[in-house]
Amino acid sequence: MAECHPVGFQWVMEAKARGAKVIHVDPRFTRTSALADVHVPLRAGSDIAFLGGIIHYVLEHEKYFRDYVVAYSNAPVILREDFHDTEDLAGVFSGLDADSRSYDNASWQYEGTEMQAASGERDQEYEERTGGGRSVTEAARGEAHGAGGAVIGEGTPERDETLTHPRCVFQVLKRHYARYTPELVEQICGVPQDLFRQVCELVTENSGRERTTAFAYAVGWTQHTVGVQYIRAASVLQTLLGNIGRPGGGILALRGHASIQGSTDIPTLFNLLPGYIPMPHAHQNQDLAAFVEAEAAHKGYWGNMRSYLVSLLKAYWGDAATDANDFCFDYLPRLTGSHSTYETTMTQLQGTCKGYFLFGENPAVGNANSKLMRLGMANLDWLVVRDFSLIESATWWQDGPEIETGELRTEDIRTEVFFLPAAAHTEKDGTFTNTQRLLQWHHQAVEPPGASRSDLWFAYHLGRIIREKLAGSTDEMDRPVLDLAWGYPTKGRLAEPDAEAVLAEINGYDAEGTPLSSYEQLKPDGSTTCGCWIYCGVYADGVNQAARRRPGREQDWVAAEWAWAWPANRRILYNRASADPQGRPWSERKALVWWDPDKGENGEWSGHDVPDFKKDKSPDHRPPADATGPQALSGTDPFIMQADGKAWLYVPSGLTDGPLPAHYEPQDSPFPNLLYDQQRNPVRQLMPTVPDNRYQPSGDERGSQVFPYVATTYRLTEHHTAGGMSRWLPYLAELQPEFFCEVSPELAAERGLDHTGWATIVSARAVIEARVLVTDRMAPLTVQGRRLHQVGLPYHWGPNGYSTGDAANELLHLSLDPNVHIQESKAFAVDIRPGRRPRGPAAVELVRSYRARAGIDEHTGTEP
């Protein structure tokens, strides 16, 4: 966090100055480790075993916050008799179809509920209305649900408040993690037992009624074939400890860009509409009512999805969106499957994706298996690159590695590449949305130079020109573009669209054109517009709330008047959980919101933060049996976005790879799975086994001898992501002038590597070279009885700019998390040898020779 998120780490240091303990778990000793109280080196790719070991400790030693767990989680809920855990089935859950690499989650459901089909195929009536077709789960794997989570079965789940029923979630959890002992953690992760127990004691001693512990993570947890389950494991642990919805608790997803949070909110993700509404799929004859019926939860705030969606459609199509035409719902694009980055690359290679836009992305060096990215772009008709500099994704056709090896020839590449210079954030107005969901407005400082333009300028004027070209068209397929509400005001010499006007549209208006102040005001009948329901209120009273800058010394500790946080400017989500079921703070020391019976007509929720709960819903409220949406939640259901208002220790529906996190080895691993017979995530998403995407034979003795070391990629403070911004700045290039690899002195001696000399690093996909940094920061570990060395690779480099070098991402495979399609770039197997890599065709031949020695073919590593 100190290295990659230094601005946020300031607050960690302030907390430490007031007595907080800082634990850093990382394969490398970094700037964060140097400032932490405890550094825990572990094997990259083994975090679920580590977190599972802490869960085991919490359950075995009864360190969980029992009152919180019973009241606010699904721990008491009883599961069906036909559910079988990984402990019963040698490492998989019941319902696995190995051939299709997917789970049928019918057996995962609660006792007392009737299983509902996957979203998009709810019942016979729905099937008739949609004309059948492929299920969403089949069409797009993890895109079956938006952020509202899965709808649980209808009926009332059976519960055991004593937590003793053998099939209640709590007991299932205990059995599932019974073997995640300190001894096993040491064997799998390489973490000594005494150090591991120290972590367990620190975390549990600082959790409970009076104290809270926070977890902070970034892509070190997400970029795995079980990345979602890493976060789930942290969620299970934090729920058991009572650390969710309370000050000083939570799980913080640290963001590498200034507005990665904002780009997922609005969003840039292919499978979501703004505000985490799921994208519709290509069912036949699907109308708005059918979509809402299939996707909206019956309980909780996702029960209001129609209001959020209709208001969004009104923002898109304005007066053209009416009740008579389903508010132009039919105009929305439809998903025909998963259209993630890497699947799009496959369609480029297949010739079905003809054109590609790159906005501030550099896949030629920044994506996993960069060679495949370049080969895909070489098969396009056209490519538009918008960036600050001539990044590798704009020049690969003339100077990429495949030109040198002879695998591509410039004269044979038919892709027409358009490079359009982009404006920097200092050259435009707009907002950043950070880890805290805080929208902060930044003002334009200078005009963009030359032909550089903002993304907003480009999108607006491209849309304007297309609409002008289509004007007068009577073709029905052109109506969605022509009917768009595209009347944005512009200003200045460049006709820059007014970013504040866009923010106001995102905020939304009522029927009279008055800015809305809360998503509670959104209506399902088309009388409100809102470009993103969770951002509703950011322009309340016609004022740019994101531009507020009231100093902290003039506010309380919540600082509600510094910018604006979604939703509703509340700073801690699910903060109803900071009070007990009766509405009293769990402790005065950690008081955040509470029920005040003397406020309002019959009492109200009050406190330091904006309550994340219906303001006048008392703790003793019990909804009528036929209630739906937010009205169906009781006064003790704090997790208001969940279908049952509870935190889920166990997930009955909504994840593609299991209801509980389980340790699986990475796709490339030099070790067998000690916990289960199942080596890898059985439903991990594999790309077609094209020659340049070969997998290493994980756990296989022969493969482990050829690729014996674990590599992990990471960031540096001095450079930024794929280097498009930082490698072109002479000052930063001087601070970190060359691509390097970090190795331990022991590994350097073992492989004959010289400090500041050259090393050649080989995977089953590619070969690269790097300068050698011999350092004690890469400590060897003892894993499964043998010495393991790990290699650290910063991933910022490529051949263009002032600071140049090979790209670490060349080495990676395309094996993805099945829920969100993120690549596994934080743990993979390599060999390392002294000297520079071969050039030209010899580089390709070296990789082939490694594959032959390891026995790798197109089937290696693809078994379920």
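This is a short talk on one chain, from its overall build down to a few single residues.

Good morning. A caution before anything else: the model is predicted. Please keep that in mind throughout.

Let's start with the whole chain. There are 26 helices and 30 strands. The radius of gyration is 27 Å, and the globule rule gives 29 Å for 864 residues. Those two values are close, so the chain is as compact as a globular protein of that length. Along the principal axes, the C-alpha atoms fill a box of roughly 80 × 70 × 60 Å.

How much of the chain is buried? Of the 864 residues, 58% count as buried. The exposed surface comes to about 33,700 Å². Carbon and sulfur atoms supply 52% of that area. Now the contacts. Take those with a separation of 6 or more: residues 24 or more positions apart account for 71% of them.

Next, the inside. How many cavities of 30 Å³ or more does a search of the whole structure find? It finds two. I'll talk about the second largest. Its volume is about 30 Å³.

Which residues line the second largest cavity? Reading along the chain, they are Thr341, Thr345, Gln348, Tyr356, Pro363, Asn367, Met373 and Met377. By class, the split is four nonpolar and four polar, with no charged residues. Two helices each supply at least two of the lining residues: helix 15, residues 341-350, and helix 17, residues 370-377. Helix 15 gives the most, with three residues.

Stay with helix 17 for a moment. Is it mostly covered or mostly open? Mostly covered: eight of its eight residues are buried. Those are Ser370, Lys371, Leu372, Met373, Arg374, Leu375, Gly376 and Met377. Note Lys371 and Arg374 in that buried set. Note also Met373 and Met377, which are buried in the helix and belong to the cavity lining.

What do the buried residues of helix 17 pack against? Helix 15 is one partner. Helix 16 at 363-366, helix 18 at 392-399 and helix 19 at 401-405 are others. Two strands are on the list as well: strand 11 at 355-359 and strand 12 at 382-387. So much for helix 17.

On to the backbone. I have two cis peptide bonds to show you. One joins Ile266 and Pro267, with omega about -5 degrees. Pro267 sits in the loop between helix 12, residues 260-265, and strand 9, residues 272-273. Another joins Trp566 and Pro567, with omega about -10 degrees. Pro567 lies in the loop between strand 18, residues 564-565, and strand 19, residues 593-596.

Look at Ala568 too. Ala568 is in the loop between strand 18 and strand 19. Its phi is near 60 degrees, a positive value in a residue other than glycine. Where does Ala568 stand on exposure? Its relative accessible area is 24%, so it counts as partly exposed.

Glu62 is another residue with positive phi, near 55 degrees, and again not a glycine. Where is Glu62? In the loop between helix 3, residues 47-60, and helix 4, residues 66-72. Glu62 has 61% relative accessibility, so it counts as exposed.

Helix 3 also holds His56. Is His56 buried or exposed? Its relative accessibility is 10%, and the cut-off for buried is under 20%. So His56 counts as buried. What does His56 touch? Leave aside its neighbours within four places in sequence, and the contacts are Tyr177, Ala178, Tyr180, Thr181 and Pro182.

Last residue: Val774. Val774 lies in strand 25, residues 767-774. At 24% relative accessibility, Val774 counts as partly exposed. Skip residues up to four places away in sequence, and Val774 touches Val743, Ser744, Pro745, Ala748, Asp754 and His755. How far is Val774 from Glu447? They are 327 residues apart along the chain, and their C-alpha atoms are separated by 45 Å.

Let me recap. The chain is as compact as a globular protein of its length. The second largest cavity has no charged residues in its lining. Helix 17, which supplies at least two of those lining residues, has eight of its eight residues buried. The loop between strand 18 and strand 19 holds Pro567 and Ala568. That's it from me. Thank you.

Key: Residues are numbered from 1 along each chain as its sequence is written. This is a predicted model: local features need pLDDT of at least 70, side-chain atom pairs count only at pLDDT 80 or more; totals for chains, interfaces and linings use all residues. Side-chain values use heavy atoms; hydrogens and water are left out. On a 1 Å grid over the protein atoms alone, a cavity is a set of points where a 1.4 Å probe fits but cannot get out, and a pocket is an open set with protein on both sides within 12 Å along at least five of seven lines; lining residues have an atom within 4 Å of a point. Grid points are joined across faces, edges and corners, and a volume is the space filled by probe spheres set on the points. Helices (H or I, at least four residues) and strands (E, at least two) are DSSP runs, numbered from the N terminus. Ala, Val, Leu, Ile, Met, Phe, Trp, Tyr, Cys and Pro count as nonpolar, Asp, Glu, Lys and Arg as charged, and the others, Gly among them, as polar. The radius of gyration is taken over C-alpha atoms; the globule rule is 2.2 Å times the number of residues to the power 0.38. Buried means under 20% relative accessible area, exposed over 50%, partly exposed in between (1.4 Å probe, protein chains only). Contact means heavy atoms within 4.5 Å. Accessible areas come from the Shrake-Rupley method with a 1.4 Å probe; for residues, only the protein chains shown count as cover.
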